[in-house]
Amino acid sequence: MKVAWAGSRHAVEVADRMACLVASDPVFRKDTRTMLSRKELFKDTLKKAAHAWKRTVELHLTEEEANLLRLYIDQPGYVDLHWVMFVPAIKGQGTEEQQKKWLTMAYKFQIIGTYAQTELGHGSNVQGLETTATFDPSTDEFIMHSPTLTSSKWWPGGLGKTSTHAVVYARLITEGKDYGIHGFIMQLRSLDDHSPLPGITIGDIGGKFGSGAYNSMDNGVMRLDHVRIPRDQMLMRLAQVTREGKYVHSDVPKQLLYGTMVYVRQTIVADASRALSRAVCIAVRYGAIRKQFGSKAGGPETQVLNYKTQQSRLFPFLASAYAFRFVGQWLKWLYTDVTQKLESKDFSTLPEAHACTAGLKSVTTSATADAIEECQKLCGGHGYLNSSGLPELFAVNLPACTYEGDNVVLLLQVARFLMKTVSQVASGKQPVGTTAYMGNIQHLMQCKSVVNTVEDWLNPAAIKEVFEARALRMAVNCAQNISKAPSQEEGFSELSPDLVEAAVAHVQLIIVTKFIEKLQEDILGHGVKEQLQKLCGIYALHLIHNERLGKLYAQVRPNAVALVDAFDYTDHYLGSALGRYDGDVYSALYKEAWKDPLNETVVPDGYQEHLRPLLKQQLKLSRL
Ligand SMILES: CCCCCCCC/C=C\CCCCCCC/C=C/C(=O)SCCNC(=O)CCNC(=O)[C@H](O)C(C)(C)COP(=O)(O)OP(=O)(O)OC[C@H]1O[C@@H](n2cnc3c(N)ncnc32)[C@H](O)[C@@H]1OP(=O)(O)O
Ligand SMILES: Cc1cc2nc3c(=O)[nH]c(=O)nc-3n(C[C@H](O)[C@H](O)[C@H](O)COP(=O)(O)OP(=O)(O)OC[C@H]3O[C@@H](n4cnc5c(N)ncnc54)[C@H](O)[C@@H]3O)c2cc1C
């Protein structure tokens, strides 16, 4: 099962090696992270990042190994933005010459970059950004400026205190005309003493949800006051400004400006499955250790994992973790395929890639945030302690519902793609890829499910047909209702809640389909495929009805712990007293409690100042 989860034997081996490297290095310790002040936490992040880079160079780690090292360090920081957004933005939007110049420095960490798109006043509406980049032909420079308070850059990770450079998104103005949003490389801080360059006001935007968690990241604010940059720092693969100030389009679609977001959304699906699997691992392992109540006859207490209610709340998450993992692996393939096509100037699959990445990012991150919260409840009181690992896991993953595109905004993009496809089907065009099922409209609009028994529900063809019929009928229903509205725009707006539901149904169909396709592959290991079939059944069925699932849960229960062990997480990475591999939960909880700074003294700070006078005063009063 470890191989099925990781994708290959090689993937298991390299992940194991990197996880152990991190777990055995004291610099990467994280058990007291939630007890650090914001300043201490930030400094700890700088230290870990520098040490990780040192180890990467010393050990000549490959890109794959270095990425895993960063993942197992498990502490959000400026390096995430540098590798996940700054470098890909230059790769996707820079010319060959620009890539050579900037990536050479970025790959060696001679510069640290971030992705500065969002502003105080606009995040979702990228076209509404206000920062300006005005071309000055007299000096061959762009003047980068924040004309209003709301145009201040706001949120970019690493911007606050660390980044030396950024890809800044701004409205390009030349020859008096506004050509909309484009990307520019800007140096922000001196490479000698790290002070902000003239005209740049820059800082951190302040503490965020939860202790530890995303507070290790210095999300930043930046205002630009007529800062000049050379013309060749506009990223010029999509469009160019000539020496004379002429704006010239390339022959690539302008949507490629959003390419970095497509790339990151794809990686976020893999993050979501990992985060969900960590929460499930903690809740399942702890559920096997925790006992409450005995039989009436005075028998031993029951493992809480044996309660049917616990199983019906928890096992759909276990199944979802596997489902999201497999669809994430497929999405990575889709992204690679689209990228190769783009290189040969085939842009035909870009809309589908956008819809798939946007939709899957939305559905998997929303489900993951909800599930982590529920796993906290599934662990009872102890789940609420920082030492369970769950509060921090929740706080770190919750913003994934917002960053890289608010989940509802992205689902509306999927809905827009579906409405277009429905109208193309109506005009006789055969849809392809993940919407190919829509071509079977005659059948799917009126077919009736032949499912009667639990066993019927495990038939992949039956499951798939139910999901296809559901998704198609919801999409067609929306399209019909939109066509009755005074205008397309009004109809879309009026029906947006239904459109979001239709988009979710379509995305869930993709997840179910990719799980079923995974089961058609050669899967090694005795009983592995059988367990995955049950999980696939649970994932699909819990989305459409909750009856008949009890039997499946009972079949999964004997292997539940093994199914989470297959995630192959070290105790260091899991970071949970409740989810420990050895099950020694109570001594771990007890030990963790004594690490809290409040327990450094027996009598707390503030006793002399506030407690003692109060107690003495009350004592005096009672004696009167
Ligand atoms: C316990 C400790 C654990 C620690 C572990 C760490 C865990 C984390 C691990 C790793 C870290 C991962 C790192 C993540 C870091 C995240 C940092 C966050 C960064 C950001 O958030 S960057 C900012 C992101 N911003 C957004 O996403 C904005 C969202 N808005 C948009 O994308 C757009 O504005 C829009 C799509 C909503 C609307 O676009 P527009 O105004 O142009 O309007 P439309 O008319 O709708 O679109 C026009 C046209 O374009 C098509 N389109 C839109 N987008 C795309 C796209 N991306 N690709 C291709 N095509 C696109 C759209 O479909 C339209 O097409 P048609 O005209 O219909 O054909
Ligand atoms: C932890 C974190 C890290 C981030 N890192 C970066 C970074 O590195 N670089 C960067 O540039 N940005 C970053 N961001 C910003 C992020 O990309 C934006 O917050 C995100 O795109 C959402 O935009 P917004 O905040 O403007 O939300 P808003 O658009 O203001 O959303 C508010 C509400 O309005 C709703 N809404 C908005 N538009 C519509 C619509 N058309 N129809 C229906 N409902 C709508 C949303 O669903 C939401 O409920 C980060 C954000 C966070 C939280």
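Which helices each supply at least two residues of the shell around ligand 1? Helix H5 (78-93), helix H7 (259-289), H9, helix H10 (390-397) and H11 do. Keep in mind that this is a predicted model.

**Around ligand 1**

Let's stay with ligand 1 for a moment. There are 31 residues around it, and Gln255, Tyr258, His354, Tyr403 and Gly405 come nearest. H7 gives the largest share of this shell, with 4 residues. Looking at domains, at least three residues of the shell around ligand 1 come from each of domain 2 (113-250) and domain 3 (259-447 + 454-565).

**Around ligand 2**

Now for the other ligand. Ligand 2 has 20 residues around it, and those that come nearest are Gln117, Thr118, Gly123, Ser124 and Trp155. Two or more residues of this shell come from strand S1 (113-116) and likewise from helix H11 (407-426). The largest share is that of H11, at 3 residues. Domain 2 (113-250) and domain 3 (259-447 + 454-565) each put at least three residues into the shell around ligand 2.

Here is how the two shells divide by residue type:

| Shell | Nonpolar | Polar | Charged |
|---|---|---|---|
| Ligand 1 | 14 residues | 11 residues | 6 residues |
| Ligand 2 | 11 residues | 8 residues | 1 residue |

**H11 and its helix partners**

H11 turns up in the shell of ligand 1 and in that of ligand 2, and it packs against other helices too. Take helix H9 (residues 350-378): its axis and that of H11 come within 8 Å and cross at roughly 140 degrees. H9 and H11 are therefore oblique to each other. Their crossing is left-handed. On the H9 side, the contact is made by Pro351, His354, Ala355, Ala358, Gly359, Lys361, Ser362, Thr365 and Ser366, while H11 brings Asn407, Leu410, Leu411, Gln413, Val414 and Phe417. By type, the contact of H9 with H11 has 7 nonpolar, 7 polar and 1 charged. His354 is one to look for twice: it is one of the residues that come nearest to ligand 1, and it is also part of the H9 contact with H11.

What about helix H16 (residues 496-519)? H11 packs with H16 at an angle of about 80 degrees, and their axes are 8 Å apart. That makes H11 roughly perpendicular to H16. From H11, the contact uses Val408, Leu411, Leu412, Val414, Ala415 and Leu418; from H16, it uses Ser496, Leu499, Val500, Ala502, Ala503, Val504, His506 and Val507. This contact holds 12 nonpolar residues, 2 polar and no charged. Leu411 and Val414 of H11 take part in the contact with H9 and in the one with H16.

Technical notes. Residues numbered from 1 in each chain as written. Chains lettered and ligands numbered in written order. Predicted model: local features only at pLDDT ≥ 70, side-chain atom pairs only at ≥ 80, totals over all residues. Near = placed C-beta within 6 Å. Nonpolar A, V, L, I, M, F, W, Y, C, P; charged D, E, K, R; others polar. Domains from an automatic or database assignment. Axes fitted to C-alpha atoms, helices over the stretch in contact; angles between N-to-C directions. Parallel < 35°, antiparallel > 145°, perpendicular 65-115°, else oblique. Left-handed = near helix turned anticlockwise from the far one by under 90°. Contact = placed C-beta atoms within 7 Å.
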